[in-house]
Amino acid sequence: MDNDKPEECKVCFNNYDEELRRPRTLLCGHTFCSQCIEDTIKNAQLTCPSCRAEHSATDATQFPINYTVEAFIKKLRSIQVTSVGTVSTRCGQDRTRGISKKLRSWVQEHKSSISNLISECEEALSQLGKYQGQVRDWKTQHHQLQDRLYDLLEQNKAAIELLEQEDTSVLTMTTEGEAEKKQLQTMLETLNTVTIDEADQYNVEVEDWIQKCQELFPDVNTVYTSVKVQETIKKALDTITTETGATAAPVLQGDSATTIMEKVKIITGEIPPATLT
């Protein structure tokens, strides 16, 4: 593309005008005529012909008119009109030779300023790309942690179910024991009328109940699971409480001298703020 013709669109090579081919600037910093921008939009997306950056758009009017380029073209045309009598016939096709040294200097300065802005824009886009990658990594990590929390929650539910079963078993055995105790108390009161066989039978039943209690309780799996799940959850909650109560991260949004990724590293503690002052 001919960078020496700022009055031309770099896609169609037609001069900018004040109607269909007004110069408009994309978010990436590159400028093209309105018609070429309109023709490039496909499926609400536009790919910059220069740097291939993707932009969301449905109409060329969504991008601002580059009034600086328009002002430069008007100035250029004015200089060309006033200088037409002095242009050499052998070099008539090279209109820029009629531009004064002062204007050429202004054009050069303007080009340098635009180039610097483009470089700054490209750096900002690069920083945004890196930051977006970091954000997506964090999202993935949070989803993985969420899955682990779900697993922990399921373990907690399983522990509760075991405790419910154990509670039911204890209640059943307690009911049986109360009945056995009541029979023994009745037998004690009517011992003179109870036969030896009946007394032996009561004794055997109570002894069997006591033996059963010793064998069934506590359920090792239930107790172990409950204790370990409680320890794990408490440790996780204590860690969360401690971390969220730490000193707030430094506020750096207004610091234009620090890049996006440098701010991220300061906030995450990878580098101390003092190293950037």
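The legends below describe close-up views of a predicted model.

**View 1. Helices α3 and α6 cross one another in the predicted model.**
Helix α3 covers residues 101–189 and helix α6 covers residues 260–267, and their axes come within 8 Å and cross at roughly 35°. On the α3 side the residues that meet α6 are Q127, L128, K130, Y131, Q134 and W138, and on the α6 side they are I260, M261 and V264. Sorted by class, this contact of α3 with α6 has six nonpolar residues, together with two polar and one charged.

**View 2. T222 in helix α5 is a buried residue.**
The helix that holds T222 is α5, which runs over residues 220–244. T222 counts as buried because its relative accessibility is 3%, where the cut-off for a buried residue is under 20%. When residues up to four places away in sequence are not counted, T222 touches L162, L163 and E166.

**View 3. K74 and E18 meet in a salt bridge.**
The structure holds four salt bridges, and in the one shown here the side chains of K74 and E18 meet at 3.8 Å, taken from N to O. K74 belongs to helix α2 (residues 67–83), whereas E18 belongs to the segment before β1 (23–25), so this pair ties together parts that are 56 residues apart in sequence. With a relative accessibility of 48%, K74 counts as partly exposed, while E18, which has a relative accessible area of 55%, is exposed.

**View 4. R22 and E70 meet in a salt bridge.**
The side chains of R22 and E70 meet at 2.9 Å, again from N to O. R22 lies in the segment before β1 and E70 lies in helix α2, so the two residues tie together parts that are 48 residues apart in sequence. R22 has a relative accessible area of 23% and is therefore partly exposed, whereas E70, at 12% relative accessibility, counts as buried.

**View 5. A salt bridge joins E154 and K157 within helix α3.**
In the salt bridge that E154 forms with K157, the closest N and O atoms are 3.8 Å apart. Both residues lie in helix α3, where E154 and K157 are three residues apart, or about one turn of the helix. E154 is partly exposed, since its relative accessible area is 46%, and K157, at 43% relative accessibility, also counts as partly exposed.

**View 6. The largest pocket is lined by 26 residues.**
The space within the largest pocket amounts to about 760 Å³. Of the 26 residues in its lining, G29, T31, V69, I114 and I118 lie nearest the centre of the pocket. The elements that give two or more residues to this lining are β2 (31–33), α2 and α3, and the largest share, nine residues, comes from α3. By class, the lining of the largest pocket has eleven nonpolar and eleven polar residues, along with four charged ones.

**View 7. The largest cavity is lined by residues that include E18, E70 and K74.**
The structure holds two cavities of 30 Å³ or more, and in the largest of them lies about 60 Å³ of space. The residues that line this largest cavity are Y16, D17, E18, E70, I73, K74 and R77. Divided by class, the lining of the largest cavity has five charged and two nonpolar residues, with no polar ones. For readers coming from the earlier views, E18 and K74 are the residues whose side chains meet in a salt bridge of 3.8 Å, and E70 is the residue whose side chain meets that of R22.

**View 8. The second largest cavity has a lining with no charged residues.**
The volume of the second largest cavity is about 40 Å³. Its lining consists of V11, F32, C36, I37, T40, L46 and P49. Helix α1 (residues 34–40) gives the largest share of this lining, which is three residues. The residues that line the second largest cavity divide into six nonpolar and one polar, with no charged residue.

Note on methods:
Residues are numbered from 1 along each chain as its sequence is written. This is a predicted model: local features need pLDDT of at least 70, side-chain atom pairs count only at pLDDT 80 or more; totals for chains, interfaces and linings use all residues. Side-chain values use heavy atoms; hydrogens and water are left out. Axes are lines fitted to C-alpha atoms, for helices over the stretch in contact, and angles run from 0 to 180 degrees between N-to-C directions. Helices (H or I, at least four residues) and strands (E, at least two) are DSSP runs, numbered from the N terminus. Contact means heavy atoms within 4.5 Å. Ala, Val, Leu, Ile, Met, Phe, Trp, Tyr, Cys and Pro count as nonpolar, Asp, Glu, Lys and Arg as charged, and the others, Gly among them, as polar. Buried means under 20% relative accessible area, exposed over 50%, partly exposed in between (1.4 Å probe, protein chains only). On a 1 Å grid over the protein atoms alone, a cavity is a set of points where a 1.4 Å probe fits but cannot get out, and a pocket is an open set with protein on both sides within 12 Å along at least five of seven lines; lining residues have an atom within 4 Å of a point. Grid points are joined across faces, edges and corners, and a volume is the space filled by probe spheres set on the points.
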